[in-house]
Amino acid sequence: MSGGVPGRMERTLRIVRGSLVRGPRPDAVPALIARACTLVGLLDIAAGVFPRFRHSRMHTAAEVLPGALGPFAAALSLSTGVLLLLLAHGLRRRKRRAWRAAVALLPAGAGAQFDYRHSLIGVVISLALLAPLLRHRDEFAALPDPRSRWRALANFVLMGAGSLVLGLVIVSVHANRLIGDPSLADRITHVLYGLFGFEGPLDYTGPTSWTVAVSLGALGLLTAVTTIYLAFRPEHPAARLTQDDETRLRALLEKHGGRDSLGHFALRRDKAVVFSPSGKAAVTYRVVSGVMLASGDPVGDVEAWPGAIERFMDEARAHSWTPAVMGCSETGGEVWTRETGLDALELGDEAVVDVTDFSLSGRTMRNVRQMVKRIERAGYETRVRRVRDLSEGELERIRRATEDWRGTDTERGFSMALGRVGDPADGDCLIATAHKTDARPYTGAERGPYAEPVSYAEPGPYAEPGPYGDLKAVLHFVPWGTDGVSLDLMRRDRSADPGMNELLIVAALQAAPRLGIKRVSLNFAMFRSALARGEKIGAGPVLRVWRSLLVFLSRWFQIESLYKFNAKFRPRWEPRFVVYGSSRDLPRIGLAAMQAEGFVSLALPRLLRRRRAAPRPCAHAVAERRVRTA
């Protein structure tokens with residue numbers, strides 16, 4: 001079990017000690033320029049939308065902003081304002097392309113001011129924004145993010161929705177010049193027609209109709225141009241593990257895989273990897289919503305960790321990604337904070353069961369013992385084997401069952417999930433399966449000679465076999481060095497009896513000595529210490545409120561349930577940490593982590609998604625398969 005409160009405070013202070021003193025943030029200048037672009041963009045939009053604003057005292061300053069020129073002042077103000085708002089996000093992240101676009105836009109606005117209005121003030125304002133961009137051009141060197149053409153669809157939806165809302169504001173602010181009393185449906189129709197460049201059902205007095213039409217047309221054109229650009233620019237897909245990367249990572253895990261229970265999860269093939277200059281350590285990561293998200297400790301020799309971490313931070317700076325680490329150990333947290341100046345926060349605890357200390361005897365294990373005995377009496381049996389010991393046909397049946405029993409459109413898991421089952425390259429992985437040994441079709445004869453025949457299958461010990469035969473539940477473990485395994489996934493048939501996961505975990509722990517396994521890592525319990533201390537006598541009001549909030553959130557996220565499930569097996573708790581740059585990055589990191597873990601999905605529904613390609617085995621796995629089939 002973990003230590004008390006003083007021990008945790010001392011550990012946390014030791015981890016963040018190296019990060020308490022830090023200089024100014026390196027992105028201070030880009031952030032300031034981005035705020036200036038945001039302010040100018042909002043003023044441009046306001047000048048183009050609200051007629052009172054265009055004729056107020058603020059108009060003296062607003063009309064000389066980039067884009068406010070000539071008879072098309074409203075439309076150009078809208079377009080320029082929207083573009084500046086879009087560029088502000090890229091400038092804040094120090095993107096080179098955003099800098100180039102801003103440098104091209106501001107002189108164009110200044111030249112238009114002087115050509116059409118002969119306004120020196122407009123030129124001065126444009127150059128005042130342009131000057132810091134040129135002076136600090138070296139700050140904007142970030143490379144582009146991984147991209148795909150799906151961003152064009154997202155841009156079309158978001159820009160279309162924003163243009164619709166902004167268009168409704170445009171057609172409504174001229175109420176005193178609007179002819180008649182059109183309904184909301186008429187206003188929406190007019191906006192939609194205007195976005196596509198057609199005349200709508202509404203009419204205004206004076207030149208207002210022309211102003212509204214040009215403004216709506218500009219919004220529609222801006223949406224179309226940005227969508228077409230994103231759709232036809234070259235794709236730059238996210239990095240993935242190559243066969244060479246996977247081979248090098250497996251070599252590091254063979255030597256140092258026993259250090260971290262999450263080490264084998266570095267072999268997820270949807271991750272990228274950076275190696276230390278010596279090649280003796282590596283950090284795997286995935287980029288989610290601009291967050292460069294690593295998980296677990298670096299793989300390899302601890303002495304080479306700083307080199308791999310430095311490469312990781314260099315990659316983050318090169319793309320202006322927000323660096324973060326999910327689920328690192330105490331040792332990993334100390335190295336990360338010491339080498340990078342980042343902060344660390346305790347995220348939860350990992351449940352680790354020592355096989356030699358595990359037993360079903362005793363009062364504390366009575367509930368688990370009774371559940372296991374009840375399920376065994378119901379006719380279930382368990383099998384615990386290495387992946388390499390299963391036939392290809394049985395592995396295929398297990399793969400299809402785990403896919404069908406998943407229950408969600410997206411695969412959940414990132415920091416403690418491998419993302420595949422039964423791959424030939426993962427021969428050392430462990431699979432525990434539960435089978436209904438006496439499953440056979442139910443005919444009604446068991447009721448007696450006078451029972452009426454039935455044509456359906458009743459649940460119970462004589463239930464009809466499912467589409468996967470007698471298979472009812474699956475647990476998958478990945479290697480943890482040479483003498484341990486770490487739980488990867490749990491799947492069960494919804495029609496199976498409750499307690500399948502408990503049955504298979506007990507079976508795996510009991511079979512562990514035969515397989516040379518001394519330690520088993522179970523699920524990760526987020527905020528476990530708060531849940532455990534908050535329910536004890538003497539807990540303070542703040543801790544009790546925090547625990548109540550966690551219990552409330554457990555309705556949607558498995559927070560309390562995972563803690564209670566792990567606690568059944570009397571494990572020892574190993575703390576895990578999240579490493580982050582600043583407190584203002586935590587919401588963004590949290591959202592990215594939830595996306596990576598599959599709790600928040602921005603992907604298409606399963607029915608509309610293209611079928612996933614078969615897992616790609618590495619080179620030595622193909623050779624091993626050839627030897628087995630020879």
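Strand E7 (380-386), strand E8 (430-436), strand E9 (471-479) and strand E10 (484-492) are among the elements that cover the buried residues of helix H15. I should state at once that this is a predicted model. The buried residues of H15 are Glu394, Leu395, Ile398, Arg399, Ala401 and Thr402. They occupy an arc of only 165 degrees around the axis, which means that they lie on the same side of H15. In general, an α-helix has 3.6 residues a turn, so residues three or four places apart point the same way. As for the geometry of H15 (residues 392-404), its 13 residues should span 18 Å at 1.5 Å a residue, and the end C-alpha atoms are indeed 18 Å apart, in agreement.

Let me turn to the strands. Nine of the nine residues of E9 are buried, so this strand is largely enclosed by the rest of the structure. E9 runs antiparallel to E8, and six bridges join the two. Within this pairing, His476 in E9 stands opposite Ile431. E9 also pairs with E10, again in the antiparallel sense, over seven bridges. One of the bridge partners to note is Val485 in E10, which is matched with Pro479. E9 and E10 form a hairpin with four residues between them, and Gly481 in the turn has a positive phi of about 70 degrees.

Next, the nonpolar cores. The largest has 43 residues, and Phe358, Phe477, Met500, Val520 and Phe569 have the most contacts inside it. Helix H16 (residues 500-511) supplies the largest share of this core, nine residues. What does Val520 contact, leaving aside its neighbours within four places in sequence? Its partners are Ala351, Val352, Val353, Val355, Phe477, Val485 and Leu509. A second, separate core has 42 residues, including Leu293, Leu418, Leu471 and Ala593.

One residue elsewhere deserves mention. Val29 belongs to helix H2 (residues 28-49) and is partly exposed, with a relative accessible area of 28%. Val29 and Leu133 are 104 residues apart in sequence, yet their C-alpha atoms are 9.5 Å apart in space.

Finally, confidence. The chain has a mean pLDDT of 77, with 75% of its residues at 70 or more. Among its elements, strand E4 (residues 299-300) has the highest mean pLDDT, 94, and helix H21 (residues 619-629) the lowest, 43. Over residues 604-630 the pLDDT is below 50, and this stretch has 34 contacts in the model beyond near neighbours in sequence. Residues 439-463 also stay under 50, with 29 contacts beyond four places in sequence.

How values were computed
Residues numbered from 1 in each chain as written. Predicted model: local features only at pLDDT ≥ 70, side-chain atom pairs only at ≥ 80, totals over all residues. Heavy atoms only, no water. Buried < 20%, exposed > 50% of the residue type's maximum accessible area, 1.4 Å probe, protein only. Expected span 1.5 Å × (residues − 1). Arc of directions from axis to C-beta. Contact = heavy atoms within 4.5 Å. pLDDT = per-residue confidence, 0-100. Core = buried A, V, L, I, M, F, W, Y, C linked by side-chain atoms within 4.5 Å. Pairing = 2+ DSSP bridges.
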